[in-house]
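Please look through the sequence and the model below before reading on.

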Amino acid sequence: WSTKTTVSGVREELDLEADLVKPSRSARLESGATLVLRDAHGVTVIHDGRTDSVVTTAGTVRQLLEHMKVSVGPVDEVTPGLDTAPVASSTVKITRVVTEQITRDATVPFPTQKRNDATLRAGTSTTTQQGRSGLQRTTYEVVRHDGAVVSRRATAVQIVREAVPRVVVVGTRSPQAASGGASWYDAKSMTCAHRTLAFGTQ
């Protein structure tokens, strides 16, 4: 305790050294008054792509940032916390957090449908309907820390255009065997069959 009635008198009497004094050095003190003395600390503040080295007597990180006129958004992350007292050679880091909604369109490949047709010969096929790709739109919630994506999740999926299938008709009719009479004849060193010419015709 001290019997001095001014801040400067108390500091001289008690040999107190400090960079911040509350109340001010010239203020008069009443009985029971509290005198706050605080040493300045060197602190590194990382924010918005820059690094600042400051000397501060702030009692909390919040006060330090207010003195520097550095704003903090409601979802920004501050390490250590805003109510933490900065200490000598410590580092304060502000991470800017942004959440945004983005959409991405993607092509949906068309399927191919095959249908059997007994009127077409087996081994043959024909396309009766051309396919067309569809379009799908997905909405994502993207979270960025200082501009870098740290998370992304799909929140909605919309089919903008349905895919149209390609339709292919496949023949299933078996070939039929032919029957009938024929006679053989020779023609230029070949032996042939004919249904009406007599056998041995030259």
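The report that follows describes a sheet, a helix beside the sheet, one residue and one ring.

This is a predicted model, in which local features need pLDDT of at least 70 and side-chain atom pairs count only at pLDDT 80 or more, while totals for chains, interfaces and linings use all residues. Residues are numbered from 1 along each chain as its sequence is written, and side-chain values use heavy atoms, with hydrogens and water left out.

Four strands (DSSP runs of E, at least two residues, numbered from the N terminus) form an open sheet of mixed pairing in the order 4-3-6-5, where two strands pair if DSSP finds at least two bridges between them. Strand 4 and strand 5 stand at the edges with a single partner strand each, so one side of each is left without a neighbour in the sheet.

| Strand | Residues |
|---|---|
| Strand 3 | 41-47 |
| Strand 4 | 50-56 |
| Strand 5 | 77-79 |
| Strand 6 | 90-95 |

Strand 5 pairs with strand 6 in the antiparallel sense over three bridges, and the bridge partner of E77 is T95 in strand 6.

Helix 2, residues 61-68, packs on this sheet and touches strand 3, strand 4, strand 5 and strand 6 (contact means heavy atoms within 4.5 Å).

T44, which has its place in strand 3, is partly exposed, with a relative accessible area of 24% (buried means under 20%, exposed over 50%, and partly exposed lies in between, with a 1.4 Å probe and protein chains only). Leaving aside neighbours within four places in sequence, T44 is in contact with residues including T51, D52 and S90.

Finally, R152 lies over the face of Y140, at 4.3 Å from the ring centre; a charge sits over a ring if NZ of Lys or CZ of Arg is within 6 Å of the ring centre and within 35 degrees of the ring normal.

Notes
Axes fitted to C-alpha atoms, helices over the stretch in contact; angles between N-to-C directions.
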